[in-house]
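Reader: Can you walk me through this one? I'd like to begin with the overall picture and then pick at details.

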Amino acid sequence: MENKGTKYKFKDRMKIAVKRDWQLYIMLLLPLLLVFIFNYAAYPGLRMVFMDYKPAKGYDGSEWVGFETFQKIFKDVDFRRSLRNSIVFNLLDLLVSFPVPIVLALILNEIRFPRFKKVTQTILYLPHFLSWVIIGSVAYAIFRPNSGVVNIVLQNMGLIDQGIPFLTEKWHWAVSYLLINVWQGMGWGTIIYLAAITSVDGELYEAAMIDGAGRWKRMWHITLPGIKGTIVTLLIMNLGRVMGSNFERLDVFGNTQVREFQYQLAIYIYEKGLGGGRFSMSTAVGLFQSLVGLMLVLLADKTAKKLGEDGLI
Amino acid sequence: MEKQTRKTKKIDAASDVSRAIVKFRISDAVMMFILVILCATCILPFIHLAAKSISNNNYVLAKQIFLLPKGITFDAYSSIFKDGSLVYSMGYSVVITLVFTALGMLSCVCAAYPLSKKRLEGRNIFTFLLMFPMYFGAGLIPSYLLYYRLNLLDTPWVLILPLIYSPYNMLIMKTYFQSNIPISLEESAFLDGATNFQILFKIALPLSKPILATISLFYAVGRWNSYADNKYFIRTDQLKLIQYKLYQMVSSATEAQTISLSEAANVTSTPEVLQAAAIMFVTIPIICVYPFLQKYFVKGVMIGAIKG
């Protein structure tokens, strides 16, 4: 019964909408055109994961092979290695990079010299504005085993005899790779926590102080619980991204000596695809990565909402 | 509004109390020390490289350069300028970044403004269509083949067109429009017979200057800093952006750096000095402008974190 009513109204509503908002619809044409040409038009290309795609033969000439490509990649040692590295390094990233901005925000919040605080913040934000190319080339320049300044200083102080291969031996590389990421994100990551801290009720601090709670107790019992929600949301969001991989970050820190760890999904996709011409395999891995990634993000969003936090979508 | 002022007053009161009660203690010194160390890690590498880039070769080879230059010479920079390729890329990158930012802002406003109107028929469908690419991309090879068919490979346009519409930036701008443009203002303009375009240009955009600044900086810095698409889609040297140029010149782990400057540049500096100079040449512009940009960035982060 009601259906009929809404259907009738629908036509009228459309007429009114077009008459009132045609200019808005015209505006929408530009972004819609862009996503259709550059995003949606690429989706049909995904059918090559079910093909043995040969660039010379194109989509029409290549053979359909069903799920063979997926069977191939799951047996591929290179793929397994890149998957393992991606997951391990993303989890390690989370483990070492996540807590630092929280601690830094707590420290910054306790600084009572506004000038000092402001200058510190500005300086700590710097790495966020630098490209991975700059970060990578600076790191190579100062960490070189023989002529890098870090090794020279350590040698002059008599702490080491030989230069440490910070970026050219896989275990050292793993540590450097993780710590450089901490360094890049630590200052910028504080912004959200500092904002959350300002919304903690000031009365709580007063009451605690009257009760004789010291600085550490106030930090632990008031500030931290006050920003718990933000911490949980960000943690879940980050967990949703464990399948991702940042090509530029991996690429600038890549070299033959550290390939065993540096070989992650983004590198696999690039090297197999554009480098090696194995288009179907590369695309299948990319599809696998984005589907699992999408599922994780949706799961993370749901979990966050269930816990009563704002979702991300 | 009243509530907010009361709250800030409370916080002020609390910090006054803390200022009065808590004197400067060891814990303050420890915390400030930690911050100073961390800041040093952000600054010293660049001071070192700057010093190296204007030092005499002999001191560099003798490993005597730390934070101050010795035997000051600008040879490395003059070879960079004589060679010209980095200078050219810098200009080219500026032009690409400007075009990219302008087109990006256009497409962003065109998407964000209509979608910020709750009354818009079909709003959910359009929002879905315009957001979906953020969560699921086709991947490198399908995009590569698409750009090939569109004749975009190895042209400057491949660095511009595919990325000018950004769902993330759109979301931030949409959120800002929704929460900062009073509906009543728009309604009264409507009653006075204003069209949507007039409302956009006379009311919405002038009220949104902060977010316009923020999003254009997101676009500009994003384009300026990334190089992966250069590596994927560009072959011709003149069409590569400066970040990729620098990457090709210096990003290599080997001790003996080969740095590719032309014969005409008359290179007298060692690769190490030249490399330091090239890094500084690309980094200095960013270091000079970021202190002024950061407040806009912080604003964008805050809006992005809340979302609507």
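Author: Below we go through chain A as a whole, the contact between the chains, the domains and one helix. Bear in mind that this is a predicted model.

Reader: Fine. How many helices and strands in chain A?

Author: Chain A has 16 helices and 2 strands.

Reader: And what is its radius of gyration, set against a compact globule?

Author: Chain A comes out at 26 Å, whereas a compact globule of 313 residues would be near 20 Å. The C-alpha trace spans about 70 × 60 × 35 Å along the principal axes of chain A.

Reader: What share of chain A is buried?

Author: Buried residues account for 37% of the 313 residues. As for contacts in chain A between residues at least 6 apart in sequence, 66% of them join residues at least 24 apart.

Reader: Switching to the two chains. How many residues does each put into the contact?

Author: Chain A contributes 76 residues and chain B 83.

Reader: Which helix of chain A gives the most there?

Author: Helix H1 of chain A, residues 2-38, with 14 residues on the side that touches chain B. By type, that side of chain A has 49 nonpolar, 18 polar and 9 charged residues.

Reader: What are the domains of chain A?

Author: The assignment gives domain 1 as 2-38 and domain 2 as 78-306. The centres of these two domains of chain A, taken over C-alpha atoms, are 43 Å apart.

Reader: And chain B, where do its domains run?

Author: In chain B, domain 1 covers 1-73 and domain 2 covers 75-308. Between them, 10 residues of domain 1 are in contact with 12 residues of domain 2. On the domain 1 side, helix H2 (26-53) and helix H3 (57-61) of chain B each give two or more residues, and the largest share, 5 residues, is from H2(B). That side divides into 5 nonpolar, 4 polar and 1 charged.

Reader: Back to chain A, helix H12. Which of its residues are buried?

Author: Thr230(A), Thr233(A), Leu234(A) and Ile236(A). The helix runs over residues 228-239 and reaches 16 Å from its first C-alpha to its last, close to the expected 16 Å.

Reader: Why do those buried residues line one face of H12(A)?

Author: Seen down the axis of H12(A), the buried residues fall within an arc of 160 degrees, so they line one face of the helix. In general, an α-helix has 3.6 residues a turn, so residues three or four places apart point the same way.

Reader: What covers them?

Author: The cover over the buried residues of H12(A) includes helix H9 (170-198) and helix H16 (279-306) of chain A.

Technical notes
Residues are numbered from 1 along each chain as its sequence is written. Chains are lettered from A and ligands numbered from 1 in the order in which they are written. This is a predicted model: local features need pLDDT of at least 70, side-chain atom pairs count only at pLDDT 80 or more; totals for chains, interfaces and linings use all residues. Domain bounds come from an automatic or database domain assignment. Two residues are in contact if their C-beta atoms, placed from the backbone, lie within 7 Å. Helices (H or I, at least four residues) and strands (E, at least two) are DSSP runs, numbered from the N terminus. Ala, Val, Leu, Ile, Met, Phe, Trp, Tyr, Cys and Pro count as nonpolar, Asp, Glu, Lys and Arg as charged, and the others, Gly among them, as polar. The radius of gyration is taken over C-alpha atoms; the globule rule is 2.2 Å times the number of residues to the power 0.38. A residue is buried if 20 or more other C-beta atoms lie within 10 Å of its own, exposed if 12 or fewer, and partly exposed in between; C-beta atoms are placed from the backbone. The expected span of a helix is 1.5 Å times one less than its number of residues. The arc is that of the directions from the helix axis to the C-beta atoms.
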